[in-house]
Amino acid sequence: MSADTHLPKDAARSAGGTELIRFDRVTKRFGSHTVLDALDFTVSAGKHVTLIGPSGSGKTTILRLLMTLLTPDEGTIKVGDAYLTHEEKGGRLIPAGEKHIREVRKNIGMVFQQFNLFPNMKVLRNITEAPVHVLGLGKDEAEERARGLLDLVGLTAHLDKYPTQLSGGQQQRVAIARALAMRPQVLLLDEVTSALDPELVAGVLDVLRDIARTTDITMLCVTHEMSFARDISDDVLMFDAGRVIESGPPEKIFTDPEHARTREFLGAVL
Ligand code: ADP
């Protein structure tokens, strides 16, 4: 990573992994369907965690809860010192204030399956828009940051194009740069290669491998790309029916899973 991207440095890891994300008995229902069922898990700062499991097991719901696109029915979610659902005041939990939610939104970047770039803005402006309007960065500083990130994702030559002039893989790399431009503590990746033609997948995964290797950004990743998951993950969480049924380092989960459901799932996707 070049110094001018200013992504978080090694502090978290060398501090021995401070807890950054906590789900405490989080339940999420859609109508009568319980998607997450009293879910507990934590992620330490700087770690790369991959969520795997069958379709419909609640993985994307977790990312959407963290992005505050959804709210849980029960339980608490904490990111750093901010309670996403409730905050502690005088020893009691009260609903989280806008301030907490804004703080969390600023600290979390998300990349979606569909790239969701602003179609009417050129690549550079797609990346500078939020830093200028949300963080209040000056235009020059935002552009310098954007150029550093475009270099990181290998798209310097395309900064003056509109999204439709780029391939899906290039658009997704712009979306990654756009998320990083806010310098989030956490990067959420929701099946970011699922909508891509097969020949474009490797380029996007290579960029993410680079980010995982050279920065200390915390990554929470939903993917069907198991070899990528194996490469980047510190921990893999296997979901089934809204619960973590097994978790551990990728060497363990992918080669010697404990749970029959994990074996069955991996047998189908590997
Ligand atoms: P995964 O990412 O593991 O495939 P999701 O978190 O996307 O699973 O979805 C879990 C379940 O919740 C699915 O059955 C899905 O249909 C349901 N679901 C997700 N979002 C909504 C919604 N907004 N309204 C109703 N049901 C939903």
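**View 1. The hairpin of strands S1 and S2.** In this predicted model, strand S1, which covers residues 19-30, and strand S2, which covers residues 33-44, run in the antiparallel sense and pair over eight bridges. Within this pairing, Val 26 is placed opposite Leu 39 of S2. The two strands make a hairpin that leaves two residues between them, and in the turn Gly 31 takes a positive phi of about 60°.

**View 2. The open sheet and the helix packed on it.** The sheet is open and is built from four strands in the order S2-S1-S4-S5, with antiparallel pairing. At its edges are S2 and strand S5 (82-83), each of which pairs on one side only. Helix H2 packs on this sheet and touches S1, S2 and S4, and the direction of H2 makes about 65° with that of S4. Strand S4, which spans residues 74-79, pairs with S1 in the antiparallel sense over five bridges, and here Phe 23 stands opposite Ile 77 of S4. When following the side chains along such strands, it helps to remember that in a regular strand they alternate between the two faces of the sheet.

**View 3. The surroundings of the ligand.** Around the ligand are Phe 30, Val 35, Gly 53, Ser 55, Gly 56, Ser 57, Gly 58, Lys 59, Thr 60 and Thr 61. Sorted by class, this shell holds two nonpolar, seven polar and one charged residues. Helix H2, made of residues 59-66, gives the most to the shell, contributing three residues.

**View 4. Pro 257 in a loop between two helices.** Pro 257 lies in the loop that links helix H9 (250-255) with helix H10 (260-269). Pro 257 counts as buried because 20 C-beta neighbours lie inside 10 Å. If neighbours within four places in sequence are set aside, the contacts of Pro 257 are with Glu 246, Thr 262, Arg 263 and Leu 266. Asp 40 is 217 residues away from Pro 257 in sequence, and the two are 20 Å apart in space, taken from C-alpha to C-alpha.

**View 5. The confidence of the prediction along the chain.** The protein chain has an average pLDDT of 89, and 92% of the residues score at least 70. Over residues 1-15, however, the pLDDT is below 50, although this stretch has 30 contacts in the model beyond near neighbours in sequence. Where pLDDT is low, the predicted coordinates should not be read in detail. For the complex, the predictor gives an ipTM of 0.96 together with a pTM of 0.90.

Notes:
Residues numbered from 1 in each chain as written. Predicted model: local features only at pLDDT ≥ 70, side-chain atom pairs only at ≥ 80, totals over all residues. Pairing = 2+ DSSP bridges. Near = placed C-beta within 6 Å. Nonpolar A, V, L, I, M, F, W, Y, C, P; charged D, E, K, R; others polar. pLDDT = per-residue confidence, 0-100. Contact = placed C-beta atoms within 7 Å. Axes fitted to C-alpha atoms, helices over the stretch in contact; angles between N-to-C directions. Buried ≥ 20, exposed ≤ 12 C-beta atoms within 10 Å, placed from the backbone.
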